[in-house]
Amino acid sequence: YWELDYRGEVVNSKKHVYAQAFAIYALCAYHRLTGSEDALFKALALYERIEVSALDSENGGYHEAFSRSWSEVRDVALSAGEPNYPKTMNTHLHLFEAYTALYAVHPRENIRFSLKGLLECFVGNIINSETHHLRIYFDDAWRDRSTVYSYGHDIECSWLLWESAQAIGDEQLLSSLTPVILDMVNACLDCRGENGEIPDGYNLKEHKRIEARPWWAQAEALVGFLNAYTMTGDMRYFQAFESVWVFIKKYQRDWERGEWFWYSLLDGKKSPYKMGFWKAPYHNGRAMLEVCRRLRQVKCRAN
């Protein structure tokens with residue numbers, strides 16, 4: 001379910017594919033940690049359910065949300081204030097993140113096929129080949145309905161694309177995706193703030209940058225820039241990674257009480273809470289783990 005209360009009672013019974021993807025992601029992590037076959041079974045069951053109920057066999061990609069019984073619903077928006085479009089970048093981004101994790105622990109041909117389909121969907125429909133930013137919202141036929149760019153999602157997508165292609169293990173696919181990924185990273189390099197941070201995005205209607213500096217965008221920038229460095233050895237990317245880390249330590253991290261502020265101190269306000277419905281250690285916790293892993297790889301190559 002989308003939402004339960006503190007007693008475990010259903011508050012919102014919507015089946016959002018975005019949420020199912022995170023469940024697969026978590027179950028795969030638990031399986032890797034413990035060897036639990038039950039966790040893997042549940043992850044595979046969710047995968048099968050998504051492929052049966054959410055896959056758009058006519059236009060490609062996946063529909064957003066369903067009722068408790070997996071029938072169609074009209075209100076598919078992920079959260080209040082978001083436009084109600086039947087396909088979004090965000091859901092597809094986290095679905096291919098989840099399918100990458102599932103394929104890593106259970107490398108079967110059907111999962112590989114689904115994962116490659118998602119990668120093709122990103123290259124063909126979601127990544128704007130002219131601007132190298134992600135399109136955000138779509139109708140069923142993949143006509144672009146976006147009103148903003150999201151720089152944090154752009155840089156997050158860059159390294160997740162690389163992870164997925166590596167998991168598939170197809171050298172031709174890796175080779176073809178490399179320029180796409182680096183174009184996305186370079187577009188984010190050009191969009192940084194004066195301290196090297198990643199702003200929230202760009203408003204296409206008002207033709208101006210969205211200047212907020214959310215915690216999650218900085219976390220993804222750390223991984224994305226460092227990943228580009230490990231791909232290429234180009235010091236521009238390592239310097240960008242270092243600049244974001246300096247920014248986080250100075251303006252984003254709460255040194256007094258722990259964790260990171262939702263917005264940086266330069267935004268002139270602090271988050272009303274450290275954890276909530278849309279803030280958890282997912283982005284920054286994962287970023288620390290991914291950065292450590294990549295820095296070890298760099299060190300091993302240097303030695």
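The exercises below treat the pockets, one sheet and three single residues of a predicted model.

Residues are numbered from 1 along each chain as its sequence is written, and side-chain values use heavy atoms, with hydrogens and water left out. In this predicted model, local features need pLDDT of at least 70 and side-chain atom pairs count only at pLDDT 80 or more, while totals for chains, interfaces and linings use all residues.

**Exercise 1. Describe the largest pocket by volume, central residues, elements and residue classes.**

Step 1. A pocket is an open set of points on a 1 Å grid over the protein atoms alone, where a 1.4 Å probe fits, with protein on both sides within 12 Å along at least five of seven lines. Its volume is the space filled by probe spheres set on the points, which are joined across faces, edges and corners. For the largest pocket this volume is about 1,200 Å³.

Step 2. Lining residues have an atom within 4 Å of a point. The largest pocket has 39 of them, and Tyr18, Glu82, Asn90, His153 and Trp278 are the closest to its centre.

Step 3. Helices (H or I, at least four residues) and strands (E, at least two) are DSSP runs, numbered from the N terminus. Two or more lining residues come from each of α1 (17–34), α3 (89–105), β7 (148–150), α5 (151–168), α7 (215–232) and α9 (282–302). The largest share, 4 residues, belongs to α3.

Step 4. Ala, Val, Leu, Ile, Met, Phe, Trp, Tyr, Cys and Pro count as nonpolar, Asp, Glu, Lys and Arg as charged, and the others, Gly among them, as polar. The lining divides into 22 nonpolar, 12 polar and 5 charged residues.

**Exercise 2. Do the same for the second largest pocket.**

Step 1. The second largest pocket holds about 530 Å³ of space.

Step 2. Its lining consists of 20 residues, with Tyr25, Arg32, Ala101, Arg286 and Glu290 nearest the centre.

Step 3. At least two lining residues come from each of α1, α3, α5 and α9, and α5 gives the largest share, 6 residues.

Step 4. By class, 11 of the lining residues are nonpolar, 3 polar and 6 charged.

**Exercise 3. Work out the strand order of the open sheet and place α5 against it.**

Step 1. Two strands pair if DSSP finds at least two bridges between them. The sheet has 3 strands in the order β7-β8-β9, paired antiparallel.

Step 2. β7 and β9 (208–210) are at the edges with a single partner strand each, so one side of each lacks a neighbour in the sheet.

Step 3. From one strand to the next, the twist averages 20 degrees.

Step 4. β7 and β8 (residues 201–203) pair over 3 bridges; Ser150 has Gly201 in β8 as its bridge partner.

Step 5. α5 packs on the sheet and touches β7, β8 and β9 (contact: heavy atoms within 4.5 Å). The direction of α5 makes about 45 degrees with that of β7 (axes are lines fitted to C-alpha atoms, for helices over the stretch in contact; angles run from 0 to 180 degrees between N-to-C directions).

**Exercise 4. Classify Thr91, Trp142 and Glu259 by accessibility.**

Step 1. Buried means under 20% relative accessible area, exposed over 50%, and partly exposed in between (1.4 Å probe, protein chains only).

Step 2. Thr91, in helix α3, has a relative accessible area of 1% and is therefore buried. Leaving out residues up to four places away in sequence, Thr91 touches His16, Val17, Tyr18 and Glu64.

Step 3. Trp142 lies in the loop between β6 (137–138) and β7. At 9%, Trp142 is buried; although not a glycine, Trp142 has a positive phi of about 70 degrees.

Step 4. Glu259, in the loop between α8 (235–252) and α9, is partly exposed at 24%. Glu259 has a positive phi of about 70 degrees and is not a glycine.
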